[in-house]
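I opened the notebook to record what I looked up, one entry per topic. The structure goes here before any notes.

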Amino acid sequence: MAVLFDEKNNIFFLITENSEYQMKIDEYGILLHSYYGAPVGRTDMSYLIRNVDRGFSGNSYECREKREISSDTQPLEYGCFGAGDYRVSALETVLANGSRTADLRYKSHNIRHGRKELTGLPYVRDMGDEADSLEIILEDEVARLEVSLIYNVFAEKDVITRSAKISNISQDEIRLMKVASACIDLQHKDMDFIHFHGRHAMERRPERARVAHGIYKVGSKRGMSSHHENPFVILCGHDANERSGECYGFMLMYSGNHAEEIETDQTGSIRVVMGIGSEGFEWRLLSGESFETPEAIMAFTDKGLNELSFLYHRIIRENVCPARFKDMKRPVLINNWEGTYFDFDEESIRSIADTAHEAGCEMLVLDDGWFGVRNDDNTGLGDWFVNKDKLPGGLSAITEHVNSLDMRFGLWFEPEMISEDSKLYREHPDWTLSDPDRKPVMARNQLVLDMSRKDVVDYLYESISGILDSADISYIKWDFNRSLANVYSNATSSDEQGEIAHRFVLGTYELLSRLSTAYPDVMIEGCSGGGGRFDAGMLFYCPQIWCSDNTDAINRLKIQKGTSYGYPVCTMGSHVSASPNHQTGRETPLLTRAIVAMHGSFGYELDPRKLTAKEREEIKEQIGTFNKYYELIQKGRYFRLTDESDEDYFVAWETVAEDGSEALLSLVVTDVRANPEIPCVRLNGLDGDGRYVADGVLSSALEIPADKDEDADSFEGERVYSGYALMNGGYAFDPLYGVYPAVQVHFKRI
Ligand code: GLA
């Protein structure tokens with residue numbers, strides 16, 4: 001059992017292979033957070049809590065004579081607003097009499113084997129005897145409010161999840177203004193904070209700053225997890241790097257508004273609060289009702305950032321993504337978006353399929369523009385019926401053709417959206433999120449459907465399933481192309497409008513869940529203008545997400561690397577597109593683009609008919625390489641080998657088979673230099689005593705001009721390397737000439 005309770009000393013222990021988490025109920029029933037970090041052999045760590053009488057830090061009435069006991073300074077497991085804890089709060093309530101105080105005391109707990117599902121929310125799945133859970137019930141006896149803190153411990157995976165359930169056991173209404181999923185006070189720590197900021201087409205850029213006094217808050221108010229701040233943050237020691245050091249990860253499994261707040265208090269203790277964003281949030285909890293928060297996924301390691309990423313990669317791949325797709329070979333796809341945009345018809349799609357098939361693609365994805373009257377992005381969203389002007393034979397004519405090539409077929413939808421110029425809007429203008437007395441905020445000239453409404457979710461279910469039933473469709477690209485604004489439901493009373501943003505997310509999850517249940521073999525790829533909803537909540541339904549609308553290989557290095565801190569390679573939709581790139585105008589070699597895109601859910605997003613015969617041959621080889629290394633790339637252990645400071649010249653990464661038998665090293669030069677440095681990288685994760693040879697080298701570097709390099713060593717001979725040599729000494733590349741050359745080296749243990 002990974003959850004233990006020491007009754008004598010009132011301590012809870014959550015034990016994983018390489019971490020330990022402790023809480024203690026003090027003599028006043030307050031639940032203290034006493035430790036999270038490397039294992040300490042179940043020593044009562046509350047000795048680290050040094051209570052000191054500090055001015056202006058008040059005391060609960062029952063300990064008014066013990067002035068050193070203050071909720072302002074003690075490490076608390078779930079800090080609440082109003083009763084003398086002045087730090088960022090996890091819970092803010094308004095009682096029927098207007099009181100805003102919440103004050104919780106321990107009431108009871110239960111420990112069980114296995115975990116409970118959350119209602120209507122994604123969660124980390126127990127794939128069989130993996131989790132032990134703890135529920136601690138706290139109560140505010142005055143408000144008659146119960147707060148259950150729920151922990152699931154995945155001991156072998158070094159992961160602990162947290163969520164909270166708030167129950168109104170009073171006779172009156174209680175309003176929730178803020179309800180966090182996790183709150184944790186880390187004492188005696190000096191740490192850095194890493195978050196993943198960005199913008200459309202430049203998502204998840206890591207930014208690291210020293211945690212200082214005050215509050216550092218990131219999050220999203222866009223109704224979606226957003227391109228701008230991912231719901232994943234890391235706290236790590238100042239000295240932590242990819243290979244060593246203490247790191248804590250906090251990831252919210254949620255696709256809507258979120259907030260991550262980090263505060264250093266007057267004692268130097270660091271509080272982390274993570275959950276649904278509270279701005280605009282207000283939830284009416286009637287007598288007898290409960291509210292469940294999304295789940296936060298926490299992980300700790302003292303072995304550096306790569307190890308922290310590995311813990312997230314494993315839990316997401318094995319316990320978050322739908323199990324059905326875990327081991328399924330994902331098809332290499334051709335997507336027509338950057339190839340044709342809206343300008344296609346049945347004939348052109350057929351011939352794209354033909355050409356892509358010859359080059360080895362395994363699935364054709366028909367992107368935006370196949371439905372309603374949609375010839376640009378101003379019209380038609382919501383009208384999920386085939387545009388017979390473009391596709392006179394309907395979808396079945398295309399799918400039959402695609403299937404005859406032994407390819408699968410995928411289709412684009414943007415379910416939560418509606419165009420003003422659509423049949424759906426003309427029939428149901430009230431189905432949009434919109435403020436009745438204002439003109440709505442437009443974005444991409446579209447509006448957002450009110451997913452809090454059952455009739456809207458039912459309409460979408462019916463129309464999407466109608467399409468899925470009409471042809472052989474094995475994949476959906478589920479897009480979401482604007483942020484929410486005017487979050488107002490025309491079907492809800494004025495005092496429940498603060499619930500709509502969350503109910504919107506619940507509606508989306510319900511639709512995803514109904515469709516995945518009815519069509520279990522249809523794989524859904526998430527998307528939101530690229531990676532605007534790249535979060536563990538979406539991954540619960542969609543095993544992969546289009547990583548970014550930016551397909552420029554050099555920019556993608558940063559985007560995919562940033563994404564890799566929290567999410568595994570198999571979740572990142574990643575395609576080879578045309579050169580010059582449509583987003584940046586940059587030209588890169590075809591092989592460089594492929595080496596970058598292979599570290600993801602691989603595919604092509606271009607018009608293959610515009611490629612030369614030689615390029616099409618090259619693509620065939622690339623797909624062959626990808627399929628050859630598929631298991632290694634998708635399931636191997638991924639390591640970032642370069643840090644930001646190296647990135648002005650090259651970026652390198654590596655995937656190693658779990659048993660150390662093979663590894664794939666990739667490097668891309670990101671600058672053009674005369675007389676260049678020799679890139680040399682130290683590998684990671686190999687079998688130290690093992691002997692390795694490089695048995696496959698792909699390179700898009702240009703030949704070194706003979707007159708400059710007569711005496712240069714050949715790139716790779718018959719050398720045999722020990723794992724230690726590659727990990728401690730490193731692997732030195734030849735000087736890499738050309739513009740954005742990339743090299744991929746496969747090592748095999750002999
Ligand atoms: C979004 C997606 C793109 C493409 C377009 C279609 O931007 O991220 O991949 O599907 O929508 O409109």
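Entry on the ligand. Which of the 13 residues around the ligand come nearest? I found that D367, D368, R444, K477 and D549 do. I also note here that the model is a predicted one.

I then looked up how side chains meet the oxygen atoms of the ligand. For D549, an N or O atom of the side chain lies 2.4 Å from a ligand oxygen. For D368, the corresponding distance is 2.6 Å. For W546, I wrote down 3.4 Å between a side-chain N or O atom and an oxygen of the ligand. On its own the ligand has 300 Å² of accessible area, and the protein covers 96% of that.

I sorted the shell around the ligand by class. The shell has six charged residues, four nonpolar ones and three polar ones.

Entry on salt bridges. How many salt bridges does a search of the whole structure find? The search gave me 55. I picked a few to follow up.

The pair I looked at to begin with was E242 and R640. They form a salt bridge, with 2.7 Å between the closest N and O atoms. I checked where each partner sits: E242 is in the loop between β14 (229–237) and β15 (247–253), while R640 is in strand β31 (residues 637–640). The two are 398 residues apart, and the pair links distant parts of the chain. Is E242 buried or exposed? Its relative accessible area is 11%, so I put E242 down as buried. R640 is also listed as buried, because its relative accessible area is 2%.

Next I took R87 and D85. This salt bridge has its closest N and O atoms 3.0 Å apart. R87 counts as buried because its relative accessibility is 6%. D85 has a relative accessibility of 5%, so D85 counts as buried. I then followed this pair outward: a network of salt bridges links D85, R87, D185, D265 and R271.

The last pair was R317 and E318. Their side chains meet in a salt bridge, at 3.9 Å from N to O. How do the partners score on accessibility? R317 has a relative accessible area of 14% and is buried. E318 has 22%, which means that E318 is partly exposed, since buried requires a value under 20%.

Entry on helix α4. I asked which residues of helix α4 (residues 394–404) are buried. My list reads G394, L395, A397, I398, T399, H401 and V402. What covers them? The cover includes two helices, α3 (346–358) and α6 (454–470), and two strands, β22 (363–366) and β23 (408–413). Just past the end of α4, I noted that D406 takes a positive phi of about 70 degrees.

Entry on T625. I looked up where T625 lies, and found it in helix α11 (residues 613–628). T625 is buried, because its relative accessible area is 13%. Which residues does T625 touch, leaving out those up to four places away in sequence? I wrote down M598, L698 and Q744.

Notes
Residues numbered from 1 in each chain as written. Predicted model: local features only at pLDDT ≥ 70, side-chain atom pairs only at ≥ 80, totals over all residues. Heavy atoms only, no water. Helix = DSSP H or I, 4+ residues; strand = E, 2+ residues; numbered from the N terminus. Buried < 20%, exposed > 50% of the residue type's maximum accessible area, 1.4 Å probe, protein only. Contact = heavy atoms within 4.5 Å. Salt bridge = Lys/Arg side-chain N within 4 Å of Asp/Glu carboxyl O. Near = heavy atom within 4 Å. Polar contact = N/O pair within 3.5 Å; in protein donor to acceptor, adjacent residues only side chain to side chain. Areas by Shrake-Rupley, 256 points an atom, 1.4 Å probe, with all protein chains shown as cover. Nonpolar A, V, L, I, M, F, W, Y, C, P; charged D, E, K, R; others polar.
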